[in-house]
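Visitor: I should like a close look at a single helix in this model and at its surroundings. Please set out how its length is judged, and then what lies around it.

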Amino acid sequence: MQPKAKVMDEKAVERAVVRISHQIIEKNKGTENLCLVGIQRRGVPMARQIARNILTFEGARVDVGVLDITFYRDDLSLLNEHPVVNGTEIGFDVNGKTVVIVDDVLYTGRTVRAAIEAIMDLGRPDCIQLAVLIDRGHRELPIRADYVGKNLPTSRSEAVAVRLKEIDGAQEVVILENNGGEES
């Protein structure tokens, strides 16, 4: 699919992630009991960048985990007979923590619902928050992000592609024509 429009270049993505990092610190009045959990795939490098920003701004290290929600998806039976599992790596206790789920695009809310369920299986956080680079609307569940890099109204016939250096070799956000996308 050819890009229909580039909505964020590398600098715009970087600025948005820096802004989200500052907002997380401000809303939580610092970093005490704070941890970040990136949803596989593109939420992971974003969570790591937010953690690096927090270290730079506050001099505090926050735990970063990796979450694979494959087996928590409500459409698992509709996916490939052998779904690709990237693995969950959360080497810290979530009990009593403020867990910030990090993802690239918020669409229907189903991915976030699955992530919340997966985190609750690990323990009982005091609070779960959500940070996304793009909120494109079209919610099917009552989910909203606490931190948003950019609100991007789209039609259902469009797809939003977030490209990150660590995965894609480029850093940008583009809109693609689509016939039934898979972001959530």
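Guide: The expected span of a helix is 1.5 Å times one less than its number of residues. The model examined here is predicted. Helix α2 covers residues 43-58, and its 16 residues should therefore span 22 Å at 1.5 Å a residue. The end C-alpha atoms of α2 are 22 Å apart, in agreement with that expectation. After the helix comes G59, with a positive phi near 70°.

The buried residues of α2 are G43, V44, P45, M46, A47, I50, A51, N53 and I54. Among the elements that cover these buried residues are the helices α1 (10-27) and α4 (165-168), together with the strands β2 (34-39), β3 (63-67), β4 (98-106) and β5 (127-135).

Helix α2 also takes part in the largest nonpolar core, being one of the elements that give two or more residues to it. That core has 29 residues, and I24, L133 and I134 have the most contacts inside it. Its largest share, 7 residues, comes from α1. Strands β2, β4, β5, β7 (158-163) and β8 (172-177) likewise give two or more residues each. A second core, separate from this one, has 20 residues, including I39, I90, V99 and L106.

One annotated segment may be added. The unreviewed UniProt entry marks residues 99-111 as a short sequence motif, "PRPP-binding". Over residues 99-111 the chain is 62% strand and 15% helix, with end C-alpha atoms 16 Å apart. As for aromatic rings, R136 lies over the face of Y107, 3.9 Å from the ring centre, while a search of the whole structure finds 0 aromatic pairs.

Conventions:
Residues are numbered from 1 along each chain as its sequence is written. This is a predicted model: local features need pLDDT of at least 70, side-chain atom pairs count only at pLDDT 80 or more; totals for chains, interfaces and linings use all residues. Side-chain values use heavy atoms; hydrogens and water are left out. UniProt positions are given in the numbering used here, feature names are shortened, and annotations may be inferred rather than shown by experiment. Helices (H or I, at least four residues) and strands (E, at least two) are DSSP runs, numbered from the N terminus. Buried means under 20% relative accessible area, exposed over 50%, partly exposed in between (1.4 Å probe, protein chains only). Contact means heavy atoms within 4.5 Å. Rings of Phe, Tyr and Trp (its six-membered ring) pair if their centres lie within 6.5 Å; planes under 30 degrees apart count as stacked, over 60 as edge-to-face and the rest as tilted. A charge sits over a ring if NZ of Lys or CZ of Arg is within 6 Å of the ring centre and within 35 degrees of the ring normal. A nonpolar core is a set of buried Ala, Val, Leu, Ile, Met, Phe, Trp, Tyr and Cys residues joined through side-chain atoms within 4.5 Å.
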